[in-house]
Amino acid sequence: MPQHKDSRILPYTADQMYALVADIERYPEFLPWNTAARIRSRRPGPDGGELVEADLVISFKVFRERFGSRVTLWPADRRIDTEYLDGPFKYLKSGWSFADLPHGSCKVDFFVDFEFRNAILGKVIGVVFGEAMSRIVRAFEDRARALYGAR
């Protein structure tokens, strides 16, 4: 049951970082191991949110897995919550929150909690889990720098 939490102060606005993370279709352009992304549906959600059902394809070593998730976008709160729908996991939950700070920077909080159905895949990922999560968070930072410039 790998879990990961991360909190960063970044030199971008909360709106910029929210937009970057909410742009699921672009993930294969910059996220490690993400080889495809497809939006199944988009519809209004509760309290001004938006519900997005999406499939991501993750390739790691000899494993290639598709999984579906329901992403709830909360633009007014600058928050993104993800729930698992189908694929190789027993469960998966993740979330992002973004808060503006002085001088145009923001605080980004991220968490993920999941477990694979396949014990072999779970063991393989478990060995490199910490490094994998660090690479993913760095990929979002690098993408922000590419989109919004170095500050």
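**Exercise 1. A tyrosine in a loop**

Is Tyr-12 buried or exposed at 3% relative accessibility? Then find its ring partner and decide what the pair connects.

*Solution.* Keep in mind as you work that this is a predicted model.

Step 1: Residues under 20% relative accessible area count as buried. Tyr-12 has a relative accessibility of 3%, so Tyr-12 is buried.

Step 2: Now look for the partner. The model holds 11 aromatic pairs. In one of them, Tyr-12 meets Tyr-148, with 5.9 Å from centre to centre and 50° between the planes, which makes the pair tilted.

Step 3: Place both residues. Tyr-12 sits in the loop between E1 and H1, while Tyr-148 belongs to helix H3 (residues 119-148), so the pair ties together parts 136 residues apart in sequence.

Step 4: Check the partner's surroundings too. Tyr-148 has 26% relative accessibility and therefore counts as partly exposed.

**Exercise 2. Two rings in a helix**

Work out how the rings of Tyr-27 and Phe-30 are arranged, and where the two residues lie.

*Solution.* Step 1: Planes over 60 degrees apart count as edge-to-face. The planes of Tyr-27 and Phe-30 stand at 80° and the ring centres are 5.9 Å apart, so this pair is edge-to-face.

Step 2: Both residues are in helix H2 (residues 27-30), and because they are 3 residues apart, about one helical turn separates them. An α-helix has 3.6 residues a turn, so residues three or four places apart point the same way.

Step 3: Tyr-27 and Phe-30 are both buried. They also join a cluster linked by ring pairs, whose other members are Tyr-18, Trp-96, Phe-98, Phe-110 and Phe-140.

**Exercise 3. Reading the sheet**

Put the strands in order, and explain which ones stand at the edges.

*Solution.* Step 1: The open sheet has 7 strands in the order E1-E7-E6-E5-E4-E3-E2, and the pairing is antiparallel.

Step 2: Strands E1 (3-10) and E2 (34-44) are at the edges; each has a single partner strand, so one side of each has no neighbour in the sheet.

Step 3: On average, neighbouring strands of the sheet are turned by 20° against each other, direction ignored.

Step 4: Zoom in on one pair. Strands E5 (residues 79-86) and E6 (residues 89-100) run antiparallel and are joined by 5 bridges. Here Arg-79 faces Ser-97 in E6.

**Exercise 4. A helix across the sheet**

Describe how helix H1 is placed and how well it is covered.

*Solution.* Step 1: H1 (residues 14-22) lies across E1, E4 (63-74), E5, E6 and E7 (106-116), at about 155° to E6.

Step 2: H1 is mostly covered, with 7 of its 9 residues buried. Among these are Met-17, Tyr-18 and Leu-20.

**Exercise 5. Neighbours in space**

Compile the contacts of Pro-88 and Asn-34, leaving out residues within four places in sequence.

*Solution.* Step 1: Pro-88 is in the loop between E5 and E6. Its relative accessible area is 9%, so Pro-88 is buried.

Step 2: Pro-88 contacts Glu-65, Arg-66, Phe-67, Phe-116, Arg-117 and Asn-118, with neighbours within four places left aside. Although Pro-88 and Asn-118 are 30 residues apart in sequence, their C-alpha atoms are 7.0 Å apart in space.

Step 3: Turn to Asn-34, which is in strand E2. Asn-34 has 5% relative accessibility and so counts as buried.

Step 4: Not counting residues up to four places away in sequence, Asn-34 touches Tyr-27, Pro-28, Leu-56, Val-57 and Ile-58.

Terms used:
Residues are numbered from 1 along each chain as its sequence is written. This is a predicted model: local features need pLDDT of at least 70, side-chain atom pairs count only at pLDDT 80 or more; totals for chains, interfaces and linings use all residues. Side-chain values use heavy atoms; hydrogens and water are left out. Two strands pair if DSSP finds at least two bridges between them. Helices (H or I, at least four residues) and strands (E, at least two) are DSSP runs, numbered from the N terminus. Axes are lines fitted to C-alpha atoms, for helices over the stretch in contact, and angles run from 0 to 180 degrees between N-to-C directions. Contact means heavy atoms within 4.5 Å. Rings of Phe, Tyr and Trp (its six-membered ring) pair if their centres lie within 6.5 Å; planes under 30 degrees apart count as stacked, over 60 as edge-to-face and the rest as tilted. Buried means under 20% relative accessible area, exposed over 50%, partly exposed in between (1.4 Å probe, protein chains only).
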